[in-house]
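This briefing covers strand pairing and unusual backbone geometry in one structure. The sequence and model are shown first, and the notes follow by topic.

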Amino acid sequence: EGKKIADAEYQKKEADRQRQEAECDSDTDGTETAQLDLGTELVEPKYEDENVEGDIGKQLTAGDGLVLKVTTIERNFKTDDPNYKLDSTKELVKVNFLMGNIAKDKAKDVTNFAFYLENSASARLTPENIASYTDKFDTVKLDPGAQAKGSIVYLVNKDEKPLKFIREQRYRFSGANREVTTKTIVNLTE
């Protein structure tokens, strides 16, 4: 029970920290860094099977109220983790993104397990186990109207294209005995 309380407190602090970071971030020249345009009105979410697709730099809004924008990707990402060994036929790809919640019904708990990279053979690649890197994303609680930024690193074959960054969320409706899947697909063409 104590662990649950501690976990909840940690997640709340982490969400607050990310929100403050998103509000305070500015580039070295003093201009604001990228922000999502969440509009002025929160929306009633629609839970239905859907695929929302776009490219790097485009803000995508899913029917469930999650807004996603991949800002940049870093090919041949180099990690500072001394324990991480990279095979010479592989490369690390770091996906940098912003996410927000415009659903007015409730907060969204978002974990890195909701995201994967799809390679040219349509295989699902999960996040690489690297100790730490700038903006490493694990989990966040997005209250309605909130946004956060994050990064996830994946291992791919050297120079592999095309790659797709996908957020997939399943919703189960036990009363109606149905399940829907919302997918946001970003084509990584850099």
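**Strand pairing and backbone geometry**

Strands E6 (residues 115–118) and E10 (residues 163–173) pair in the antiparallel sense, over 4 bridges. The model is predicted. The points below start from E6, continue to its hairpin with E7 and to backbone exceptions in the loops, and end with an open sheet that includes E9.

**Strand E6 and its partners**

- Within the pairing of E6 and E10, Tyr 116 has Ile 166 of E10 as its bridge partner.
- The side chains of E6 point two ways: Phe 115 and Leu 117 to one side, Tyr 116 and Glu 118 to the other.
- Phe 115, Tyr 116, Leu 117 and Glu 118 are all buried.
- E6 also runs antiparallel to strand E7 (residues 124–125), to which 2 bridges join it.
- Glu 118 is bridged to Arg 124 in E7.

**The E6–E7 hairpin**

- E6 and E7 form a hairpin, with 5 residues between the two strands.
- Ser 122 is in the turn of this hairpin, that is, in the loop between E6 and E7.
- Phi of Ser 122 is positive, near 65 degrees, and the residue is not a glycine.
- Ser 122 counts as exposed because its relative accessibility is 51%, and the cut-off for exposed is over 50%.

**Other backbone exceptions in loops**

- Most residues other than glycine have a negative phi, and most peptide bonds are trans.
- Asp 135 is not a glycine, yet has a positive phi of about 65 degrees.
- The loop between E7 and strand E8 (139–142) holds Asp 135.
- With a relative accessible area of 28%, Asp 135 is partly exposed.
- The peptide bond joining Lys 161 and Pro 162 is cis, with omega at about -10 degrees.
- Pro 162 is located in the loop between strand E9 (147–157) and E10.

**The open sheet that includes E9**

- An open sheet of 4 strands has the order E2-E3-E4-E9, and the pairing is antiparallel.
- Strand E2 (60–61) and E9 are at the edges of this sheet; each has a single partner strand, so one side of each has no neighbour in the sheet.
- E9 runs antiparallel to strand E4 (residues 90–101), and 11 bridges join the two.
- Val 95 has Ile 152 in E9 as its bridge partner.

Technical notes:
Residues numbered from 1 in each chain as written. Predicted model: local features only at pLDDT ≥ 70, side-chain atom pairs only at ≥ 80, totals over all residues. Heavy atoms only, no water. Buried < 20%, exposed > 50% of the residue type's maximum accessible area, 1.4 Å probe, protein only. Pairing = 2+ DSSP bridges.
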